[in-house]
2 protein chains.
Amino acid sequence: MAFTIEFQPLGLRLQFETAINALDAARQAGIHMMAVCGGEGTCGKCVIQIVESQSHYPPSPTEAEHLSPEQLQSGFRLACMTTIESDAKIYLPPASILEDQIMQTEGDGYQQDLRPAISQKMIALEKAHLDDLVSDFSRIKNAIGDPKLEVSLDVLREIPAILRQNGWKANLILRGNHLIHATGKFVSAPLGLAVDVGSTKIACYLIDLESGKTLTAKGTPNPQIAFGEDIMARLAFAMQSQENANTLHSLTMDAINQTAEEICRRANRSVEDIADFCLVGNTAMHHFFLNLPIASLAVSPFVPAVTEPLYPAARELHLSAMPGAGVYAPPVKAGFIGSDHLAFLYAADFGKDQRTRLGIDIGTNTEIALQAKGKIVSVSTASGPAFEGAHIAFGMRAAPGAIEHVRIGDDGKTEIDVIGGQQAVGICGSGILDAVAQLRARGLLNQRGRLVRDRECVYQDAHGKPIFTLSGGTAPVTLSQQDIDQVLLAKGAIRAGIDILMDYLRITPDAIDEVVIAGAFGSYMLPQHAIGIGMIPNIPMDNIKVVGNAAGVGARMMIVSTQARREAEMLSEAIEYLELTVYPEFSIFYANGIRA
Amino acid sequence: MAFTIEFQPLGLRLQFETAINALDAARQAGIHMMAVCGGEGTCGKCVIQIVESQSHYPPSPTEAEHLSPEQLQSGFRLACMTTIESDAKIYLPPASILEDQIMQTEGDGYQQDLRPAISQKMIALEKAHLDDLVSDFSRIKNAIGDPKLEVSLDVLREIPAILRQNGWKANLILRGNHLIHATGKFVSAPLGLAVDVGSTKIACYLIDLESGKTLTAKGTPNPQIAFGEDIMARLAFAMQSQENANTLHSLTMDAINQTAEEICRRANRSVEDIADFCLVGNTAMHHFFLNLPIASLAVSPFVPAVTEPLYPAARELHLSAMPGAGVYAPPVKAGFIGSDHLAFLYAADFGKDQRTRLGIDIGTNTEIALQAKGKIVSVSTASGPAFEGAHIAFGMRAAPGAIEHVRIGDDGKTEIDVIGGQQAVGICGSGILDAVAQLRARGLLNQRGRLVRDRECVYQDAHGKPIFTLSGGTAPVTLSQQDIDQVLLAKGAIRAGIDILMDYLRITPDAIDEVVIAGAFGSYMLPQHAIGIGMIPNIPMDNIKVVGNAAGVGARMMIVSTQARREAEMLSEAIEYLELTVYPEFSIFYANGIRA
């Protein structure tokens, strides 16, 4: 029988047909909850309060470890440990929602400077009469005391009617000294939309530009996926015709518009109140969302059309917003070092101190920055989509049915965690990393990266090739030698990038004070396994910091502060881009990376 | 039999069915020739050279006065004295063409500062390669050495293909530090279009922005006329609906676009080479060409939406031009003091010295500025369209068949000059002024402005009302008491404006060092008659300067110089607007003005 879960304070109601884990239910509702451990019950972050319910939810021992008796008494539970089976009203404490807490390893919200580009002013003017013949716009300039106020024709055309229909009162929205909108009604606070346009997911954050607070947020799949899983496929598609390129642009903007509509509705606001955007993404996404020509990005030497920060009008990009709304597109650095990398490094305080720090955002292209000896050098390495589940026989995204964690005992016995707790249908990035790391640790994978055939848990497939079974039954999930090769190529590329950076700046792994890992996969993978397979050098676990969608944090820091924009632009200037493919003996570094 | 006149160096060919005065033929071809005397053969300015012809054109005694025997021998004639009757090729010496000579009373071209907003740069770049991965736009910035170079998305989108299709060479068009256009082909010189949007006529001047030279020019009727002869009628029409307002805007822009097409073709150039516009006009025209709401202009207190200078994109106004072309709309001062008034005063050097000067542009609204005692004060007075031939029984525009000059002998005998030398069909402004002034001088009009019935040349019409016959025959042209009343109201309004300015600044007529008269009517009227009927105070004729379309000159000065724009804007700030209707005892000034 269908039942409803109501999430407060968001006012979201969702219907379910069968019992569901509260964390999964929140995910389905588009709520990004704190879940550092990936729903294992170990981090204790995904705290919820069951305010009303038809069923009784006795606390598990794990929950008793993380919550006080008083909390348990008041209905507090861990979402990942609670399966809701009937109507319930669940309150989400602010600390449990990811949007305000993304620098999760620090335990509290990120620091932000609040100096938005947008401001709002209410004015009440003297009515024009024969002894006071000042023009409408001059009257406004005088009222706000800015003789340099500028205005576009569009806005100017609205002003006379607004003034006369509202008794010479108006609410003005300003970007710096540009009057971008005038209205008779009061806008409770101008909104900003910070968007991280990822190749896979578009993350939108709705920001109150007066308080700097994130009101709501939502991730939506990047619809470009229909035209290619990876960036190169999409670039190839876009190169075929301007129409194709326009399609990728429009789809992206439509997705942002739809998501903005939804999260504005959730926050009881209108997209008409959005006065400013900050869009970040890798360089291909950047060119797609700006509808810049991508031909030069698709072929060597992979040169962007532009690297400078841009300030187009929202209207030019077909973004739904207040008339006159603007867009801030932070700088990109190179063909494969985008503004998402900059936003990540900015959010993670790169360039703010003299520590030796490594920043890694793992994806199909993995961007790596090394800060050392007063420099910040960035590389991009084509690590491929293995950790996103692609090119792996049973690979899949982190969705219900995916094996997200794997433990292999000394005896070769395998334990798995499946997202949603259901029958495994595939394996996602963090599961793949676990599996390979543990196969290696248990000697099931030899030093040359081959599955050891003579071990009883390694089977042969129909073609006589070795496979390792993760989940048995009628629909088994297995890992083949070919799958493992893909993983080794991916980690080899990442390690080669790190090693070349260390070689270039002449430092050794023990000099590294901190490794900052960003991105979706980076948030769910277990860093010790990344070290285990040699993807990253052997660094004390305490010095590894996982920061989730740091690019989204950076975009949110930039949308609320022109100062942050200036600082990020200076950081971009400071970053040195190193082209790996022309680095001396690149192929040897790569070969060593695969073996490491 | 049809014949063709070819005008060189313009390369214009026109067919005619019947013999035509060469000055009229040039007018029909859209060529504005010097003709200070209005085609009387007295000024000697409309010099042409008949280079080839089928007929013989013996010089008249008048021509022999103005031209040397050598000139006559070489085919030089006065256009106004020559009637062409068969195929001819006519060369127009530069000095005869009005466009370069508009400050005609000075005898040579106006002074201009040449610092255009637009510049052009050819660049040749190093091709991008793996050791030089600078983005396309950064590469351009480096090449022209401007780290602050800005660019719009539109232009940015064109750059990668242009660079790669032209061997990394490009021709850049810049407005200040904005890259507004990039092309693979060489633009011989960016063009500017200076436009004076008059209520009756739109005058377009095509300017070479590198030399500052006016290449060609053309006046075209303002198509708004179809929606009302005068401004108030058009404002009323536009107020009925946004659609109506849009119609007036589009018609104006279409007329400018068509004229630009034609004069570009004449100059062997393309409208795609137009990089900058300067549009001036009275405040209603200004609001129409910018498509600003006019509701507040149409009713008291007649407040403009904006008085500030504006810089919209040509695209926003639907002007045909180079992509990225801009428009400069100089400031307006008040509801009835537009940017044409500013352009006139700027071209006439108002604000440049301490002389006491009166500037008058006579039209349906007559704008008058008085510079005295370190101030410049402007008024606008509703003089009505009498001097444009409207509201006068036989009134018409200055077109073939119009009586343009009238001489009345002591005996009441009347001599007339008719444009085109044909049978008179009506009377235009300068003829109306002549007639009224001479009626007064000969005592046919008494001090109260009444036609004197008992004089033999004043007849009675069918209703017993007095009329004065200017041209007899089967289709006589006459002037009635009602016509004369209209003229007296018009001159009374102008005189009241002048008197109030003198009263406000506490000066007397003898303090006035110079009167500058602008505008079409002002160019053709005889100033002594304007004094004769009391339209302007009694000022020595030597101190009266007629400057033709000075607003067009001002627009041309501003399109070739950002310095001129700044100076004109400072002049606009310096001008004080005085509202006549609230001036103490305005009605007494008006009554005195009519009687003067």
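**Exercise 1. Leaving aside neighbours within four places in sequence, which residues is B:Leu193 in contact with?**

Solution. The model is predicted: local features need pLDDT of at least 70, side-chain atom pairs count only at pLDDT 80 or more, and totals for chains, interfaces and linings use all residues. Residues are numbered from 1 along each chain as written, chains are lettered from A and ligands numbered from 1 in the order written, and side-chain values use heavy atoms, without hydrogens and water.

Step 1. Contact means heavy atoms within 4.5 Å.
Step 2. The list for B:Leu193 is B:Cys204, B:Tyr205, B:Leu206, B:Ile256, B:Ala260, B:Ile263, B:Ile274, B:Asp276, B:Phe277, B:Cys278 and B:Ile559.

**Exercise 2. Place B:Leu193 in the largest nonpolar core**.

Step 1. A nonpolar core is a set of buried Ala, Val, Leu, Ile, Met, Phe, Trp, Tyr and Cys residues joined through side-chain atoms within 4.5 Å. Buried means under 20% relative accessible area (1.4 Å probe, protein chains only).
Step 2. The largest core has 106 residues. B:Leu193 is among those with the most contacts inside it, with A:Leu179, B:Ile256, B:Ile274, B:Phe277 and B:Leu279.
Step 3. Helix α7 (residues 242-266) of chain B gives the most to this core: eight residues. Helices are DSSP runs of H or I, at least four residues; strands are runs of E, at least two; both are numbered from the N terminus.
Step 4. Another core, of 103 residues, lies apart from it and includes A:Leu191, A:Val197, B:Leu125 and B:Leu172.

**Exercise 3. Find the relation between chains A and B**.

Step 1. Superpose by least squares on C-alpha atoms of residues with pLDDT of at least 70 in both copies.
Step 2. A rotation of 180° with 0.0 Å of shift along its axis puts chain A on chain B, RMSD 0.3 Å. That is the relation of a two-fold axis.
Step 3. In chain A, the C-alpha nearest the axis belongs to A:Glu316, 6.4 Å from it.
Step 4. Of the interface residues of chain A, 97% are also interface residues in chain B, so the copies meet through the same surface.

**Exercise 4. Describe the open sheet β23-β24-β25 of chain B**.

Step 1. Strands pair if DSSP finds at least two bridges between them. The three strands pair antiparallel.
Step 2. β23 (458-460) and β25 (477-480) of chain B are the edge strands, each pairing on one side only.
Step 3. Four bridges join β24 (residues 466-471) of chain B to β25(B). B:Ile467 stands opposite B:Ser480 there.
Step 4. Helix α12 (residues 481-504) of chain B packs on the sheet, touching β24 and β25 of chain B.

Technical notes:
Axes are lines fitted to C-alpha atoms, for helices over the stretch in contact, and angles run from 0 to 180 degrees between N-to-C directions. Buried means under 20% relative accessible area, exposed over 50%, partly exposed in between (1.4 Å probe, protein chains only).
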